[in-house]
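Hi everyone, thanks for coming. I'd like to walk you through one structure today, so please have the viewer open and follow along.

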Amino acid sequence: MGGPEAGSECASGAAAAGLMADTQYILPNDIGVSSLNCREAFRLLSPTERLYAHYLSRAAWYGGLAVLLQTSPEAPYIYTLLSRLFRAQDPDEMRHRALAQGLTEEEYQAFLVYAAGVYSNMGNYKSFGDTKFVPNLPKEKLECVVMCSVAAQENPEEMRKLWQRCGDLMFSLEPRLRHLGLGKEGVTTYFSENCTMEDAKLAQDFLDSQNLSAYNTRLFKEVDQDGKTFYEVRLASVLYKDPFLDSEMAPKLKNYEFRGSHFQVTRGDYGPILQKVVEHLEKAKAHAANSLQEQMLAQYMESFTHGSIEAHKRGSRFWIQDKGPIVESYIGFIESYRDPFGSRGEFEGFVAMVNKAMSAKFKRLVARAEQLLKELPWPPAFEKDKFLTPDFTSLDVLTFAGSGIPAGINIPNYDDLRQTEGFKNVSLGNVLAVAYSTPREKLTFLEEEDKDVFTLWKGPSFDVQVGLHELLGHGSGKLFSQDEKGVFNFDQETVINPETGEQIQSWYRSGETWDSKFSTIASSYEECRAESVGLYLCLNPQVLEIFGFTGTDAEDVIYVNWLNMLRAGLLALEFYTPETSSWRQAHMQARYVILRVLLEAGQGLVTVTPTIGSDGRPDARVRLDRSKIRSVGKPALERFLRRLQVLKSTGDVVAGRALYEGYAAVTNAPPECFLTLRDTVLLRKEARKLIVQPNTRLEGSEVQLLEYEASAAGLIRSFCERFPEDGPELEEVLIQLATADARFWRDSSRTPVYY
């Protein structure tokens, strides 16, 4: 499916495909690297607030190590290999030795970039796009770096074993290993290698039947000699074989028969890592600002100790109630983007300080929220019964542990809490400042006359979009449900489906959630709904006034916001895999869908035209007629948004899939010829920036902020100094945990295909 149809009008430019086959899987030497600046926000903290932030950061960084075990079988070994190399030698010192062994400057820089990429993504797969990246230097050269290092001189056998364990897989580009995915579609460690999508669905049905959440689980499958299938559902927890130490989870830890298969619920996944998390949450609790924070942390500790998502929900309730803290944080198994089935959460933890100026604007947006919700294009019955006024702050991030750093967050993700208790929104201001800026000379796929206005207004328009996306996108809409007692949360007699004119025919049964019901499309569908809300409501003059934009400035913000979304829809093609007809990134799939919707609106609103660039290579241009945004774009978006919300509210999976997957299809149909345009996008893509984060260090009773240069070497140094007391111990833990489960991915050791 990756190539153009022979003889079609889309055939031009397809020759570029061969050029891009390998560069998808490397990080370029000139990749952008930026440092998070939170110095002023940290300076303004009191000594107690600094201690609170410090211990929360330590808990987050420890927990983030679990992501290595959630990504690929080899990721823990690669991390350990790199950590031992750089603990024994600074990158600059290692450079002199590597050059003496015959590496070129470019090859050594490629090694540093690869190492920085592993640390930044917490594994060897990109957090944004789920594509594997491999070292951009010959395997024998990297082996030379490893075996000629100080670490290898000090512990030759240990370093040799580590290299033998991960060296081949580090470079392998066997087709199945190129992307994260389930079964034959890719690599995942949320499931054993022999699991299929059918196994994932059966396991979800089992979990639903027992009112167990998938968020903190992994699934391991074994088949005995008689063909009997056994599944282990393993919960993340400190405790392993101590079922009598708690009453909430102990009854769940047993064997079950379900639809002809045997299930066993166990716990103890990531146990030693979570023990470190709990220890530091306990230390943070001593410096909490109020009882809400104390109770929140106590419930998080309960959750991580016993494997209870219900305890995490209780902690999240206290977190929602803790309005406007000076130091904001959240921690746990949160986002399900990287689970191929869409239900299991990746560990993340963040700690940040309030940016008061931008937070004041968001506070004004929250004050208008109830009125703005009425403007959304669905009937009142499809909106929550009561808008639970959330906290919405702009934060400067001190720590964000996990596989990547988002621009904004709307959490918690638990449907029942969101519907009845509320949520919080945060915009990560210092992340937006460095991660999403693009120099004019690097802007692709825009007309020259658009580049100046785009450069000027992209940042401000993105602030508006993030605010609307998080608060009124993710914060809107009702899920129709029936509880375990048979009680409905809507009036079956009077509520009418605006798409059919009939009464509501489907809803969420007890135990069903948005993620469990819509599974593989849930994340992207919801991101698409939130992005569409942002585009729709940014047309409101009152919204733009809140952010300080009126007159022609306001019109430019609208234009650039819409143009940015459409350009992103084209850039999204980088994250589509033709071989499996699958998307690897939820947000980018959502933006492509919006591009398709607005192209479908016609009347010259949007055009995407293949061209030849000034360098003689294939190129393209995205054009938006700003005079038709309100007259053509808004009605098209209105129709689409209403359908998205109605299908989500009613839990209509069949129709929801048909709608969303229809728009998400990538074909070579003219006039856009998206499969061929994908080759052009790959030809001209820019690598996503790496972000260097600071550390905190306790010196006596004072907490110091340690900052690092914006370079691959600086990022490496930040990780080398992240675990000064127990780095070697943590690496041993990672190796032990990875080795204990290695049998579930035996096929990963097949003869690799090298880059």
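**Helix packing, pockets and a few backbone details**

H20 and H25 are oblique to each other, therefore that pair is where I'd like to begin. Before going on, please keep in mind that this is a predicted model.

What are the numbers behind that first pair, H20 and H25? The angle between them is about 50°, and their axes are 11 Å apart. As for handedness, H20 and H25 make a left-handed crossing. If you'd like to colour the contact, on the H20 side select Lys517, Phe518, Ser519, Thr520, Ile521, Ser524, Tyr525 and Cys528. Their partners in H25 are Val653, Gly656, Arg657, Tyr660 and Glu661. Sorted by class, this contact holds 6 nonpolar, 4 polar and 3 charged residues.

Let's stay with H20 and turn to another of its neighbours. Helix H19, residues 448-473, packs against H20, residues 514-537, at an angle of about 120°, and here the axes are 8 Å apart. That angle makes H19 oblique to H20. Left-handed or right-handed, then, for the crossing of H19 and H20? Right-handed. H19 brings Gln465, Leu468, His469, Leu472 and Gly473 to the contact. H20 answers with a list that includes Glu526, Arg529, Ala530, Val533 and Leu537. The class count for H19 with H20 is 6 nonpolar, 4 polar and 4 charged residues.

Now back to H25, which has a partner in helix H23, residues 586-600. H23 and H25 pack at about 85°, with 8 Å between their axes. That makes H23 roughly perpendicular to H25. In H23, the residues to look for are Gln589, Ala590, Tyr592, Val593, Arg596, Val597 and Glu600. They meet Tyr660, Gly662, Tyr663 and Ala664 of H25. Tyr660 of H25 may ring a bell, since this residue is also on the list for the contact with H20. By class, the contact of H23 with H25 has 7 nonpolar, 2 polar and 2 charged residues.

On to the empty space. How many cavities of 30 Å³ or more does a search of the whole structure find? It finds 8. The largest cavity has a volume of about 80 Å³. It is lined by 13 residues, and those closest to its centre are Leu69, Pro73, Thr189, Ala738 and Trp745. Two elements give two or more residues to that lining, helix H5 (75-88) and helix H28 (727-740). The lining of the largest cavity divides into 8 nonpolar, 2 polar and 3 charged residues.

Let me move from cavities to pockets. The second largest pocket holds about 1,100 Å³ of space. Its lining takes in 42 residues, and nearest the centre you'll find Lys313, Asp416, Gly511, Glu512 and Thr513. Helix H11 (197-209), helix H14 (309-321), helix H17 (415-420) and our old friend H20 each give two or more residues to the lining of this pocket. Which element contributes the largest share? That is H17, with 4 residues. If you're thinking about the chemistry of the lining, the second largest pocket has 10 nonpolar, 17 polar and 15 charged residues.

Last, some backbone geometry, for anyone who likes to check torsions. Most residues other than glycine have a negative phi, and most peptide bonds are trans. Here are some places to check against that. Ile411 and Pro412 are joined by a cis peptide bond, with omega about 5°. Pro412 sits in the loop between strand E9 (408-411) and H17, and H17 is the helix we just met in the pocket lining. Another cis peptide bond joins Pro670 and Pro671, with omega about 10°. Pro671 belongs to the loop between H25 (653-664) and helix H26 (674-683). Finally, Asp130 has a phi near 60°, a positive value in a residue other than glycine. You can find Asp130 in the loop between helix H7 (105-121) and helix H8 (139-147).

That's my tour. Thanks for listening, and I'm happy to rotate the view for anyone who wants another look.

Terms used
Residues numbered from 1 in each chain as written. Predicted model: local features only at pLDDT ≥ 70, side-chain atom pairs only at ≥ 80, totals over all residues. Heavy atoms only, no water. Axes fitted to C-alpha atoms, helices over the stretch in contact; angles between N-to-C directions. Parallel < 35°, antiparallel > 145°, perpendicular 65-115°, else oblique. Left-handed = near helix turned anticlockwise from the far one by under 90°. Contact = heavy atoms within 4.5 Å. Nonpolar A, V, L, I, M, F, W, Y, C, P; charged D, E, K, R; others polar. 1 Å grid on protein atoms, 1.4 Å probe; cavity = no way out; pocket = protein on both sides within 12 Å on 5 of 7 lines; lining within 4 Å. Points joined across faces, edges and corners; volume = space filled by probe spheres on them.
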